[in-house]
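Q: Could you take a close look at the salt bridges in this structure for me? I would like to know which charged residues are joined and where the partners sit.

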Amino acid sequence: MSLRTLCLSTICAASLLVGLGAPVAVRAATGVDSAVPQKARPASTPRAQPDRTPADSAVAQADATPDSPASRHEDMVVTAARRNRMYVSSGGDLGALGKKKGLDVPFNIRSYNSSLILNQQSQTLGDVLLNDPTVRTTMGYGNYAQLFQIRGFTLYGDDVAIDGLYGVTPRQLVSPQLYDSVQVLNGASAFLNGAAPGGSAIGGNVNLIPKRAAATDITRITGDYTSSGQGGGAFDISRRFGRDHAFGFRFNAAGMDGETAIKGERRDDVALGAAFDWHNDDTRIDMNMNYQKQQVYGGRSAIIVYGLADGMPAPKATAPSENWGQRWAYTDLSYLFGTLNIEHDFGSHITAYGKFGAQGGNEMGNYATTTLTNSRTGAGTVGAMADAYNVMNEATQAGIHAHVTTGPIRHEINAGGSAIWEESDSAFSMAWTPVAGNIYHPTQFTPQETYSGGSLNNPGRVAWNKLYSLFLSDTMTFWHDRIALTGGFRYQDILSDSFLYGSGKLDTHYDAAAFSPVIGLVIHPVKHAALYFNRIQGLSAGQTVGATYVNAGQVFAPYQSTQYEVGAKYDVGRFAAGVAFFQTAMPQGMTEAYGNTGQMLYTQNGRQRNRGMELTFNGEILRGLRFNGGLTLIDAKQMNTAGGEYNGKTVIGVPNYTINGNLEYDVPFVKGLTLVGRVISTGKQQFNNANSTHLPAWSRFDLGARYTFLAAKKPLTARFEVDNIGNQRYWASVYQSDLVMGDPETFKFSISADL
């Protein structure tokens, strides 16, 4: 049975169960699932019920009359619709500092919840981050991997974390259906999370929180459709059992396959996740195990534009659904991964914790890479390369949170360490001579891949990395908790070996260490507001100088970027707003003339400086009207370049502004009906280092609606959405040398039943 047939069967089965009134408990409809508290509930605490704000309770009371069955049904619809709401919270997991409310920390962090992921039918992590005004998604070289730009710096897929652990996340594409929230931290995080193994996360990072058993049981079945021909479905089952509901289990399964809105492109996606947890008054243990498989056939990749002649303009955007890829191109990504977390309270003042995560990944693909040589005519060349890449990663972190008081000052001391081990095996086979092509008039060819490194059937080791660190911090709170001052440091050691393809001989060896300090200040002038400041660093491995330079073999210390940030926050629970002003300076490698010898010296004297402002809002503006979004302004400059040629020029691909706005409106005269809309706008992006041409600014609009109703006393939610209304054509980004096309107009429909 094909996956599409299975999905259609899923929808029919859901309808049949509802129609027959299957003897299962009625639960609130899809939406925010109340997670198990971090601290165990006392034995006398009753089972948790869905959270209600005063306004929500008022709505329910106004719409319900105890003696009227119809009113009780209306109340059920209102409750189910409420749990479907878009929800973005301020706060999340801050690594060494633990889980914190956004108002209490000197950093900008937001969390996007699972109901948003479900309602928007998000198939990749990039789909979720379309909602964030500080993040833009792009693509890497040749393949279909998603990269993310935060504050003008790149975050690689390798450096997305799960439960605060690096190295565990699938590194190219992420299926978001397995996660309860997606957390975005703006700014450098070397102290908070350690150096990212991929060397990115300078401008911010993303942390994924897996779904775990909710406080109330869930039995949810979903069927969905995406144009031009993708069918899918999902199951979500959650149970708590045992005395005081100490044991929890949650299982998620999601899948989709079929043709996308891009001509000739087909995607298949399967994601499975199982989570187990147990708690008592002092101890909390949770474990999750996941499997993800994503396949892309005939995909449209980025276009390489590096090396275009001076004065060449950016190419004219093709039709949004145009595909210059090759039918034989594909990628097959399979990952098995999971985490284990343990916490134990030693009295009321000390909590010890340990985390462990692991991932095994197998990647196969044959990629068609288009290089543009004439941006006016669209002419270029198309290369072909087959690749096999296997990873085996492990990560661990352990530490303590201790609370002590000295006179009028309360201290929260955090101490611990972390370690990451990564091994990569790879092999490739490529065409030595590319074939002529054209993005406006693409043609198909048969690849002749004769030049190889290693065996595709048995890839050999090409990299081995080890990162370990120790951290210590103290957060001092005084003046009736109105002032909090944080100081600390992390000692990080980075060891990296690379090996030659085929032979497995050691090619380069890198081993260096650095201290990453942090200082942060939070002042609460009034109860629901905060002013804050931080100085924190980003960290990535330095380089071992190659043989073509005078200083061949020199090993550089890790690159240390330095960030300064000042901002203000306001949070009353149902509405939050924040503004941040930041500056990050990052060193870069560059070449310099070695006297008059004609030889070149490689140094770390290059420098990029990004300055900007972030303005974010989320929450309920008026009764029934919710908003999430904001504005980011960035000035990214090349400050020190080889020979000073590009000093003062804007960095390639960093937009001067980004704007996002999401609106939800509950129609008052139709219970259960919500209208939704989204705007995504991106400013101009420089196309080359000389800034002689740029990509024009672009805007995209999405509209949709969802309707929650009852069928045989079971709540169902139907959703319909159109992305990129009007089929706007635009280049979404130019990352370094890779030009990425915007998505075409796409129709989405789904229906969920909570049984």
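A: Happy to. A salt bridge here is a side-chain nitrogen of Lys or Arg within 4 Å of a carboxyl oxygen of Asp or Glu. Please keep in mind that this is a predicted model.

With that cut-off, a search of the whole structure turns up 33 salt bridges. Let us begin with Asp93 and Lys355, whose closest N and O atoms are 3.5 Å apart, so the pair falls within the 4 Å limit. This salt bridge links distant parts of the chain: Asp93 belongs to strand S1 (residues 88-93), Lys355 belongs to strand S17 (residues 350-374), and the two residues are 262 apart. Asp93 and Lys355 are both buried.

The next pair is Asp163 with Arg212, where the closest N and O atoms are 2.5 Å apart. Here both partners come from loops: Asp163 is in the one between strand S7 (161-162) and strand S8 (179-186), while Arg212 is in the one between strand S9 (204-210) and strand S10 (218-226), so the salt bridge ties together parts that are 49 residues apart in sequence. Asp163 is buried, and Arg212 is buried too.

A third pair joins Asp236 to Arg250, with 2.7 Å between the closest N and O atoms. Asp236 sits in strand S11 (residues 228-241) and Arg250 in strand S12 (residues 247-260), so this salt bridge ties together parts that are 14 residues apart in sequence. How buried are these two partners? Asp236 has a relative accessible area of 4%, which makes it buried because the cut-off is under 20%. Arg250 has a relative accessible area of 1%, so Arg250 counts as buried as well.

Salt bridges can also join up into a network, and there is one to look at here: Arg678, Arg700, Asp702, Glu721, Asp723 and Lys748 are linked in this way.

It helps to see what surrounds the first two pairs. Strand S1, the home of Asp93, is part of an open sheet of six strands, ordered S2-S1-S3-S8-S9-S7 with mixed pairing. Its edge strands are S2 (99-101) and S7, each of which pairs on one side only. Within this sheet, strand S3 (residues 108-113) and S8 pair in the antiparallel sense over six bridges, and Asn108 stands opposite Asn186 in S8. Strands S7, S8 and S9 of this sheet are also among those that flank the loops holding Asp163 and Arg212.

For the wider setting, the protein has six helices and 38 strands. Of its 755 residues, 56% count as buried. Among contacts between residues at least 6 apart in sequence, 69% join residues at least 24 apart. The accessible surface comes to about 30600 Å², and 60% of that belongs to carbon and sulfur atoms.

To recap the three pairs, the closest N and O atoms are 3.5 Å apart for Asp93 and Lys355, 2.5 Å apart for Asp163 and Arg212, and 2.7 Å apart for Asp236 and Arg250.

Definitions and conventions
Residues are numbered from 1 along each chain as its sequence is written. This is a predicted model: local features need pLDDT of at least 70, side-chain atom pairs count only at pLDDT 80 or more; totals for chains, interfaces and linings use all residues. Side-chain values use heavy atoms; hydrogens and water are left out. Helices (H or I, at least four residues) and strands (E, at least two) are DSSP runs, numbered from the N terminus. Buried means under 20% relative accessible area, exposed over 50%, partly exposed in between (1.4 Å probe, protein chains only). Contact means heavy atoms within 4.5 Å. Accessible areas come from the Shrake-Rupley method with a 1.4 Å probe; for residues, only the protein chains shown count as cover. Two strands pair if DSSP finds at least two bridges between them.
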